[in-house]
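Trainee: I'd like a close look at a single part of this protein, if you have a moment. Could you walk me through it and then show me what else is worth seeing around the chain?

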Amino acid sequence: MKTGLQTGIVVGSKTRVRCIYCDVFIPKANKCIEQHTNGVKHKENIELMSENGISLTNEVLHCKPCQVNLTEGESVSKHIDGDSHANWMAAIEDLVDGEFINIDDYLSCDRDDVTCEVCDITLSCTLESIQDHVNSFNHRAKTVDRLKPLNGIFRVDNDAEVWCKICDAYIDNTVQGILDHIDDNESHMQWFTDIEDLIEDQDISIEDYLANEHEMNAFCNKCNVHIPCTVNKIEEHVYSESHLNQFS
Ligand SMILES: [Zn+2]
Ligand SMILES: [Zn+2]
Ligand SMILES: [Zn+2]
Ligand SMILES: [Zn+2]
Ligand SMILES: [Zn+2]
């Protein structure tokens, strides 16, 4: 009989086994157990574990985010749907959004901590620790440095301001000033929305345009041509016959 940690099947009684992941009892017969472990729900629970920081040790399911062991009567999916787990997941996703902190390895239980990629430091994956870190001046300054070449923002002779190439506008050279421009300026954000919509799946790159002050062109890798990096010119190119023919 296939039992044990890998399948989540443990001895329940003389006549039944229990699936820890799904919190169900199954008749102690190979056919029944196999049918269960091949079932959609069982596989779903295993997948959910690896996306939610839940692992099995010594026949006990442990949730790292909640720092609790799941009890009998609590399947993986039931635990994940509960308030405390769902709230933690929503809060952490909110905290790391756009911050260059990847929590996938923590959630798959391959790691117990996380790395902030821009600061190159290791953090413990708790709401408090991540919140403190993303709000720290150091992290914000490093994030802004990382965002500048992705946003067409350049230093100017006077250190009090920076220049946004996309908007042709001067911005206060402060962490907050730059973040406000990137995250809240409507015309800046609109430009990105328009361009990204146009170049999606078109193999056109704008990275050089954004990162190099004097580069005025986007590049179409399909046609091997430069295109002035404006919404109008890129739109014209994307719908041009020569570009469309490259795809046929
Ligand atoms: Zn199961
Ligand atoms: Zn949990
Ligand atoms: Zn950081
Ligand atoms: Zn701008
Ligand atoms: Zn093209």
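**A close look at Thr-115**

Mentor: Happy to! Let's begin with a side-chain pairing: Thr-115 and Arg-111 make a polar contact through their side chains, at 3.0 Å. Please keep in mind that this is a predicted model. Thr-115 belongs to strand β7, which covers residues 113–116. Is Thr-115 buried or exposed? The answer falls in between, because its relative accessibility of 26% makes Thr-115 partly exposed. Leaving aside residues up to four places away in sequence, Thr-115 touches Phe-100, Ile-101, Asn-102, Ile-121 and Thr-122. As for Val-10, that residue is 105 residues from Thr-115 along the chain, and 36 Å separates their C-alpha atoms.

Now to the metal sites, starting with ligand 1. This zinc ion is held by Cys-19 (SG), Cys-22 (SG), His-36 (NE2) and His-42 (ND1), at 2.0 to 2.2 Å. Along the chain, the donors of ligand 1 follow the spacing C-x2-C-x13-H-x5-H. The angles subtended by the four donor atoms run from 105 to 115 degrees, so the arrangement around ligand 1 is tetrahedral. For comparison, the ideal angle for four tetrahedral donors is 109.5 degrees. His-36 and His-42 are both buried.

Next comes the zinc ion that is ligand 4. Its protein donors are Cys-164 (SG), Cys-167 (SG), His-181 (NE2) and His-188 (ND1), which lie 2.0 to 2.2 Å from the ion. The site of ligand 4 is tetrahedral, with angles of 100 to 114 degrees among the four donor atoms. The donor residues here are spaced C-x2-C-x13-H-x6-H in sequence. Cys-167 sits in the loop between β10 (161–164) and β11 (169–172), while His-188 is in helix α9 (residues 186–199), so this pair ties together parts that are 21 residues apart in sequence. Cys-167 is partly exposed, because its relative accessibility is 23%. His-188, by contrast, is buried, with a relative accessible area of 0%.

One last stop is the largest pocket, with about 370 Å³ of space. Its lining includes Asp-94, Asp-97, Glu-99, Asn-135, Arg-140 and Asp-183. The elements that give two or more residues to this lining are α4 (83–96), α6 (127–135), α7 (137–151) and α8 (175–184). Of these, α7 supplies the largest share, three residues.

Conventions. Residues are numbered from 1 along each chain as its sequence is written. Chains are lettered from A and ligands numbered from 1 in the order in which they are written. This is a predicted model: local features need pLDDT of at least 70, side-chain atom pairs count only at pLDDT 80 or more; totals for chains, interfaces and linings use all residues. Side-chain values use heavy atoms; hydrogens and water are left out. Donors are N, O and S atoms within 2.8 Å of the metal (3.2 Å for Na, K and Ca); water is not among the atoms, so sites may look incomplete. Four donors count as tetrahedral if all angles lie between 85 and 135 degrees; four count as square planar and six as octahedral if opposite donors are over 155 degrees apart and all others between 65 and 115; anything else is irregular. Helices (H or I, at least four residues) and strands (E, at least two) are DSSP runs, numbered from the N terminus. Buried means under 20% relative accessible area, exposed over 50%, partly exposed in between (1.4 Å probe, protein chains only). Contact means heavy atoms within 4.5 Å. A polar contact is a pair of N or O atoms within 3.5 Å; within protein, one must be able to donate a hydrogen and the other to accept it, and residues adjacent in sequence count only if both atoms are side-chain atoms. On a 1 Å grid over the protein atoms alone, a cavity is a set of points where a 1.4 Å probe fits but cannot get out, and a pocket is an open set with protein on both sides within 12 Å along at least five of seven lines; lining residues have an atom within 4 Å of a point. Grid points are joined across faces, edges and corners, and a volume is the space filled by probe spheres set on the points.
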